[in-house]
Structures are given as C-alpha cells and as structure tokens.
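Hi,

Here is the structure I promised to hand over. Please open it first, and my notes on what turned up follow below.

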Amino acid sequence: MSGVATRGSSRLAPLDESFFDRPPRPVAQDLIGCELLHDGVGGRIVETEAYEEDDPACHAFIGRTGRTKVLFGPPGRAYVYLCYGIHRMLNVVTDADGIAAAVLIRAIEPLEGVELMAERRGGGRSARELCSGPGKLCQALAIELEQTRMSLVEPPFQLRGRDPSLEAPTIVAGPRIGITKGAELPWRYCLAGSEYLSQSAG
DNA sequence: CCTGCGATTTGCT
DNA sequence: GCAAATCGCAGGC
C-alpha cells in the first residue's frame, strides 16, 4: 500500500471497542468526522443514523433472529445486511454485550483510494456520487454481506478518530431516511455543509 | 429540475 | 408472500 497517495490522516488515533460501548446516539454523533477505511479505501464519515433496541425501526426490535443476533453482541462489530434485494448497508454495533443497538453509516467523504472507488461504482461519476448514500458507500468500499459480525476496529477495517487539532465539527440532526416506523425521531446526524451527504439529506 | 418506478434477494409471518 | 434503513434511469415540466 506504500504506493498509494495518502490524503487522509494516518496519524489519527484508532478507535477501540470501548468507543462503541455506549448508546448509539452519542456514538453516531461522535463518528461524524472520523475516518473509515476498508483495505485502505475510504474517507471521512459525514452522515450517520442511530438505531436502538427499543425502536420500531431497528431490526432488533422484533427480537433475536439469525440476522439480528449480531446486534445483541459486543460493540464495534459490523452489521451488514441486504436491502431491497440489491444494496448492502453497513452498521456498527454499539452498546454493551446483550443490548441491541447500531449506527448506520450513510455517507462518507472520499479521501483514500478514490480511483478504486470510481472503478467499483461504474464510470462517469463525480467524487460526490461515490459514497453519498449507504448502498453507494458499500459498493465503493467493496463491503460484502459475509463481513457481517467482523470487527470494524481490526484489519481489513480501520476506524480513526477526529483530528484533535481541528475544531469539533458542526453536526445537524434530522429525521432518519427511508423508514416507515419511528420516522419522526431525529436520529440522523450530518456534518453541516458537507458536499458529500446522501441525496435525501439536507 | 423533479417525480415515479423497476430491480432483486433475504428473512420473517 | 411480502415488505424492506436504496439507487439510477426515464420521462415530463
């Protein structure tokens, strides 16, 4: 990987499991501005949504099933599932072992491996079309369904904290996108003014 | 620019 | 059998 230009900040402190060992709303807000990489490809998280156990929109609301049991497990794991038969969605499991909660990663600002992302997403796309939505970013980062239950704080994934020398980002909260149950809860968080938010985000 | 719809698989009822 | 935490394209204004 030494030949790949590094536009992100490789010196940023990696997040560890304890960062995710708390309720999903603070985690979702604190993830804004952090860097997510898969096999060295990724960028800065600019949009997230929180899902709690006691939340009809959360997949764990119906209980523990084969698909949702990872949500009840230890924090810092990936929950990847298929939506509408085509799109993969990436979540980070949060909160203590035994409590079901997750944060959906909805959009990132591409920083590293941009050419590879463009190739995976298909030709003729601008930088802001690469990862501006939960299905798009899984395609751009090549995140697969089989990676559900893998740790996001271990290779091939990397999660790095915000640059402490920068000002804390301004975060805007709003209603979550694309859901029918619990749609009124303002548990979506965006980096204010970012060019790389999902289309439905303000 | 904005609205509407088809694609396509999984897992639960 | 059906709904689902989406996306991209076609067509109209």
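Let me begin with DNA strand C, where a phosphate oxygen sits 3.2 Å from a backbone N or O atom of Gly 178. That is a polar contact (N or O atoms within 3.5 Å of each other). Before going further, please note that this is a predicted model, in which local features need pLDDT of at least 70 and side-chain atom pairs pLDDT 80 or more, while totals for chains, interfaces and linings use all residues. Residues are numbered from 1 along each chain as its sequence is written, chains are lettered from A and ligands numbered from 1 in the order written, and side-chain values use heavy atoms, without hydrogens and water.

Two side chains also reach DNA strand C. Thr 180 has a polar side-chain atom 3.2 Å from a phosphate oxygen of the strand, whereas Tyr 81 places a side-chain N or O atom 3.2 Å from a base nitrogen. In total, 20 residues surround DNA strand C (a heavy atom within 4 Å counts as near). The closest of them are His 87, Asn 91, Arg 121, Gly 178 and Ile 179. Of the strand C atoms within 4 Å of the protein, 55% are sugar or phosphate, and the rest belong to bases. At least two residues of this surface come from each of β4 (87-93), β5 (101-112) and α3 (134-141); helices here are DSSP runs of H or I with at least four residues, and strands are E runs of at least two, numbered from the N terminus. The surface is made up of 9 nonpolar, 7 polar and 4 charged residues, with Tyr counted as nonpolar and Gly as polar.

DNA strand B has its own set of neighbours: Ile 62, Thr 65, Gly 66, Arg 67, Leu 82, Tyr 84, Gly 85 and Ile 86. Sugar and phosphate make up 55% of the strand B atoms that come within 4 Å of the protein. By class, these neighbours are 4 nonpolar, 3 polar and 1 charged. What does the side chain of Thr 65 approach on DNA strand B? An N or O atom of that side chain is 2.4 Å from a phosphate oxygen. Gly 85 uses a polar backbone atom, 3.1 Å from a sugar or linking oxygen.

Tyr 84 deserves a look of its own. A backbone N or O atom of Tyr 84 lies 2.3 Å from a base oxygen of DNA strand B. Tyr 84 belongs to the loop between β3 (78-83) and β4, and its phi is near 55°, a positive value in a residue other than glycine.

Now to the helices. The axes of α2 (residues 114-121) and α3 come within 7 Å and cross at roughly 115°; axes are lines fitted to C-alpha atoms over the stretch in contact, with angles from 0 to 180 degrees between N-to-C directions. The two helices are therefore roughly perpendicular (65 to 115 degrees). Where they meet, α2 brings Met 117, Arg 120 and Arg 121, and α3 brings Lys 136, Gln 139, Ala 140 and Leu 141 (contact is heavy atoms within 4.5 Å). These residues divide into 3 nonpolar, 1 polar and 3 charged.

Two last spots are worth a visit. Ala 13, in the segment before α1 (24-31), touches Leu 159, Arg 160 and Gly 161, leaving aside residues up to four places away in sequence. The C-alpha atoms of Ala 13 and Arg 160 are 5.5 Å apart, although 147 residues separate them along the chain. Finally, the peptide bond from Pro 155 to Pro 156 is cis, with omega near 5°, and Pro 156 lies in the loop between α3 and β6 (157-160).

Best wishes

Key. Polar contact = N/O pair within 3.5 Å; in protein donor to acceptor, adjacent residues only side chain to side chain. Parallel < 35°, antiparallel > 145°, perpendicular 65-115°, else oblique.
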